[in-house]
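Here's a quick briefing to read alongside the structure. Have the viewer open and follow along.

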Amino acid sequence: MSATTAPAGRLPVGWAVIAGKEFADHLRSLRFLILVVVLGAAAIVPLYFAADAIRASASQVSGAKAIFLALLDLPPRGLSVPPVYGFVGIVAPLLGVAFSFDAVNAERADGTLARLVAQPVHRDDVITGKFLAGLAAIMLVLVSVVLVIAGFGIARLGIVPAQGEIERLVAWLALTFVWVSLWLAFGLLLSVVLRRAATAGLAGFGVWLLLQIFGQLLVGLVTQVVAPVATAATEQQAVALQNLSDMITRAVPLTLYQEAARVILDPGQTAVSTPATVGQLQQYQQQIPTLLSLQQSLLLVWPQVVILVAMTAVCFALAYVAFMRQEIRA
Amino acid sequence: MSADGVSVVPEPAIRTRGLTKRYGGLVAVDHLDLEVRPGEIFGLLGQNGAGKTTTILMLLGLTEPTAGEVRVVGLDPARRPLDVKRRVGFLPDSVGFYGTLSGRQNLRYTARLNGLRRDEAEPRIDEVLALVGLTDRADDRAETYSRGMVQRLGIADALVKRPDVLILDEPTTAIDPLGVVEVLDLLRALAHEHGLAILLSSHLLNQVQSTCDRIGVFAAGRLVGSGTVEELAASFGLPLDDIEVVVGVPAAEAPAVEVAIRTVPGVTDVVAEHGARDDRAWIVRVEAGRDVGTMIRAIVQAVGERPLIRVGRRRVELDAIYRQAFARTDAGRREEVAA
Ligand SMILES: Nc1ncnc2c1ncn2[C@@H]1O[C@H](COP(=O)(O)OP(=O)(O)OP(=O)(O)O)[C@@H](O)[C@H]1O
Ligand SMILES: [Mg+2]
């Protein structure tokens, strides 16, 4: 078969071409507009109301405490709205799923998938390209929103971020990047496995809702458990209870993200959650308030980050494997 | 284009050996041996569910063969998918396009995926759009296209990369009759003038017959016959030397004509067929080994002074072969069931 060697070189990078096209599609899509409205309005409106609270606390708190980050961190007083990072934690999964649940199955239904995979691109390029396009679209809006918040802080409140605060902000964005990736990868997996886009969308939304409710119940459970910790018969008992509830809590990805985000955004947070051992508990009670360096904060949330990255990798790998082995019948 | 790459004895552009696909207990494609050479149009013919699409998917690596070997342009599509796909243009059945993009933008995407530079892609896109007659609508959104226009765009899409091999799954579906003629002319030009190897599947017998150089008849995953129409007719035991006679006489005179033809030496059988209006038509079977030309002259003499409308060798019709092939496989199946 020596006569039939392929023409030399110059094949494009498949995922880059696909990502480029998908990203352009996203920018023109209705869902992108919804993304802008949802993230924009829901992050900026509470901030507006929170401004007074921040201004008030700014004068009390010493300069060492990260006041700029409070823009993202502080729950708006008198409003039952979570702080910006909490809000991002809740909506990012929805956005991730919204930008990926129909990535593969819609192309299958439209008869474009067979054409696409008959072009000289690797099959994994299709998954990678679509993943990157979704990620780029969401992060573009998220970073813009954060910049608007920062601008608002600087211009309206006169809070200039310190170097360390900018670093923490970048770290938080990186964490959120992973958080969005997880849900994008999950949505992609659904879009590969479930042949109908509507089913995949519903499944993605369902899982999000389930975790949301599950998470809420756990928060209730934990607060109930935490209260008797101090008055528990023995410390061992209290700690055992605490360990149990912590373990359940960790199973919910949202908790992982929110714990990590809280620690990263607030140098005053010296523990990820509630103490887990007797020693920690005693330490915690005797602790004098200190501020952590970014490095210390990151060290503290490292396990959470690793678990989130691992979950993303698993979803991604499953989507790859499922897609590789699939028959593409138009 | 690819013509300069074709050597004197072209090696097959598509070759399969013992290609088999099983879906659970169902054998969709059963030990298929197939060869398509450059410059040749090969037609896959078969009933619904015969395994045509499955075969095509395996040629492109879109589904994994259960067993057997595939070579496309000399390469294994499972091992070197990119090298195969950059040289093979593919039109899937029920092809689709991105509805919010124009036809031209859709083709541009395909061109970019194939690594065409913009300055070579744009003229090529114009060229293929003109070939399929879509130039006027090229900048409308693809979702506004009719089914036949989508199909035409699909053919253009398969051609953008200047392929050496074209694989088309039911290429003329939904295209209007005049359009079909254009498309088939285009395919013939591509194969015979530019040396492309073309594999197409179809149900439309007269299209396949008029376009394909060779035909493979598929039944229940098996290739029950392949070759030119004549070769197929021979392999199915259909007589090639039947003579068709049409005489313009009223019905009352028909028996006399039939007797006259029957008395010609070498004629074994005369079968009356439906004639148009006042014409009578017969199919004349002749002894094997007789020269058809001589027989025709003898028949003309036998008809004598009566108005002879037409006489000549009967064209072998693909649908006779088709019916024969499927009558056989159905009988075979019944035997299997009985056993
Ligand atoms: N994913 C699948 N799972 C199980 N069986 C399948 C699958 N895809 C196809 N088949 C079966 O394989 C056989 C061949 O199907 P194929 O699509 O190749 O037929 P075809 O010749 O293209 O028919 P048509 O003329 O209708 O397009 C059919 O019996 C079909 O039911
Ligand atoms: Mg088919």
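Which oxygen-bearing partner lies 3.0 Å from a polar side-chain atom of Asn48(B)? That partner is ligand 1, through one of its oxygen atoms. Keep in mind that this is a predicted model. The ligand site comes up next, followed by two sheets of chain B, each with a helix lying across strands.

**Where the ligand sits**

- Ligand 1 lies between chains A and B.
- Its shell counts 15 residues, and the closest include Arg329(A) from one chain and Gly49(B), Lys52(B), Thr53(B) and Thr54(B) from the other.
- By class, the shell around ligand 1 splits into seven polar, four charged and four nonpolar residues.
- Two elements of chain B, β2 (26–36) and α1 (52–59), each put at least two residues into that shell.
- The biggest giver is α1(B), with three residues.

**Polar contacts to the ligand**

- Thr54(B) has a polar side-chain atom 2.5 Å from an oxygen atom of ligand 1.
- For Thr53(B), an N or O atom of the side chain is 2.6 Å from an oxygen atom of ligand 1.
- Asn48(B) also belongs on this list, with its 3.0 Å pair.
- As for cover, ligand 1 taken alone exposes 640 Å², and the protein buries 66% of that.

**The three-stranded sheet of chain B**

- Strand β2(B), one of the elements feeding the ligand shell, is also part of an open, antiparallel sheet of three strands, ordered β2-β1-β4 in chain B.
- At the edges stand β2 and β4 (67–72) of chain B, each of them pairing on one side only.
- Going from strand to neighbouring strand, the turn is 20° on average, ignoring direction.
- Strand β1 (residues 14–23) of chain B runs antiparallel to β4(B), and five bridges join the two.
- To spot this pairing in the viewer, look for Ile14(B), which stands opposite Val72(B) in β4(B).
- Helix α1(B) turns up again here: it lies across β1, β2 and β4 of chain B and runs at about 120° to β1(B).

**The four-stranded sheet of chain B**

- Another open sheet of chain B has four strands in the order β11-β12-β10-β13, again with antiparallel pairing.
- Its edge strands are β11 (267–273) and β13 (308–313) of chain B; each has a single partner strand, so one side of each goes without a neighbour in the sheet.
- From one strand to the next, the twist averages 20°.
- Inside this sheet, β10 (residues 243–247) and β12 (residues 280–286) of chain B pair in the antiparallel sense over five bridges.
- A handy marker for that pair is Val247(B), which stands opposite Arg280(B) in β12(B).
- Helix α9 (residues 254–262) of chain B lies across β10, β11 and β12 of chain B, at about 155° to β11(B).

Note on methods
Residues numbered from 1 in each chain as written. Chains lettered and ligands numbered in written order. Predicted model: local features only at pLDDT ≥ 70, side-chain atom pairs only at ≥ 80, totals over all residues. Heavy atoms only, no water. Near = heavy atom within 4 Å. Polar contact = N/O pair within 3.5 Å; in protein donor to acceptor, adjacent residues only side chain to side chain. Areas by Shrake-Rupley, 256 points an atom, 1.4 Å probe, with all protein chains shown as cover. Nonpolar A, V, L, I, M, F, W, Y, C, P; charged D, E, K, R; others polar. Pairing = 2+ DSSP bridges. Axes fitted to C-alpha atoms, helices over the stretch in contact; angles between N-to-C directions. Contact = heavy atoms within 4.5 Å.
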